[in-house]
Amino acid sequence: MRQLLRLLHKFIDIFCAFGLLIVTVVLFANVVLRYFFRSGVHWSDEFIRYVMIWIAFIGLSIGIRKDKLMAVDLVLNYTGPVHMHIIRFINNSLGAVFGALLCYYGILSISTMSRSAQVSPALEIPMYVFYLVIPLSGALMTLEFTRGAIRSLTVNQTVELAEKEGGDI
């Protein structure tokens, strides 16, 4: 199981890095074409927008995995390790529920969209393809928040996090 998670994490990291590289190359090429040749690639803006959306949604799981999401930790700064691990467990559990709901309603949305003939204007790809990231991101969020909730149940992990963040124990 750990090997499978490592493989998934590596794939997500590579996907986000490669996506940023592709966006940078396409954007740079389009700027050069517009500036020097007075004509750009007509699909580049739409392509860049959708790739950046995919990177943001998929990259969210990286932030959850590394515990780097923005948080208001005022309460955590004034609690001991016992309360800290309870608060982290509740936070991660609620995040997992949100991810599961995002996945569920994303699947419902995609099933509705797949029956329509709507395509993107420039790329002419069915719109439901771009929205596939919503349930995928929800599933990845659920996975990472569930792992965080399980990690928060061990007091040692909570004590290490508190020491790393400079909190009182």
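**Notebook: helices α6, α1 and α4**

I began with α6, which has 20 residues and reaches 28 Å from its first C-alpha to its last, close to the 28 Å expected at 1.5 Å a residue. I am working from a predicted model.

Next I looked up which residues of α6 are buried. I found Val133, Pro135, Ser137, Gly138, Leu140, Met141, Glu144, Phe145, Gly148, Ala149 and Ser152.

I picked Ser137 from α6 for a closer look. Its relative accessible area is 0%, under the 20% cut-off, so I entered Ser137 as buried. Leaving out residues up to four places away in sequence, I noted that Ser137 touches Phe57 and Leu102.

**α1 against α6**

I then turned to the packing of α1 (residues 2-37) on α6 (residues 133-152). I noted that the two axes come within 13 Å and cross at roughly 130°. I therefore logged α1 as oblique to α6. I recorded the crossing of α1 past α6 as left-handed.

Which residues make the contact between α1 and α6? From α1 I listed Leu5, Leu8, His9 and Ile12, and from α6 Leu140, Leu143, Glu144 and Arg147. I sorted the residues of this contact into five nonpolar, one polar and two charged. Two of the α6 residues in the contact, Leu140 and Glu144, I had already entered as buried.

**His9**

I followed up His9, which lies in helix α1. Is His9 buried or exposed? Its relative accessibility is 10%, and the limit for buried is under 20%, so I counted His9 as buried.

I checked the neighbours of His9 beyond four places in sequence and found that His9 touches Arg65, Glu144 and Arg147. Glu144 and Arg147 are among the α6 residues of the contact with α1. For Arg65 I also looked up the separation from His9: the two are 56 residues apart in sequence and 9.0 Å apart in space, C-alpha to C-alpha.

**α4**

Last, I checked the length of α4 (residues 81-114). At 1.5 Å a residue, its 34 residues should span 50 Å, and I noted that the end C-alpha atoms are 48 Å apart, which agrees.

I closed with the buried residues of α4. I wrote down Met84, His85, Arg88, Asn92, Gly95, Ala96, Gly99, Cys103, Gly106, Ile110 and Met113. Among them I marked three glycines, Gly95, Gly99 and Gly106. I also marked Arg88, His85 and Asn92 as buried in α4.

Definitions and conventions. Residues are numbered from 1 along each chain as its sequence is written. This is a predicted model: local features need pLDDT of at least 70, side-chain atom pairs count only at pLDDT 80 or more; totals for chains, interfaces and linings use all residues. Side-chain values use heavy atoms; hydrogens and water are left out. Helices (H or I, at least four residues) and strands (E, at least two) are DSSP runs, numbered from the N terminus. The expected span of a helix is 1.5 Å times one less than its number of residues. Buried means under 20% relative accessible area, exposed over 50%, partly exposed in between (1.4 Å probe, protein chains only). Axes are lines fitted to C-alpha atoms, for helices over the stretch in contact, and angles run from 0 to 180 degrees between N-to-C directions. Angles under 35 degrees count as roughly parallel, over 145 as roughly antiparallel, 65 to 115 as roughly perpendicular and the rest as oblique. A crossing is left-handed if the near helix is turned anticlockwise from the far one by less than a right angle, and right-handed if clockwise. Contact means heavy atoms within 4.5 Å. Ala, Val, Leu, Ile, Met, Phe, Trp, Tyr, Cys and Pro count as nonpolar, Asp, Glu, Lys and Arg as charged, and the others, Gly among them, as polar.
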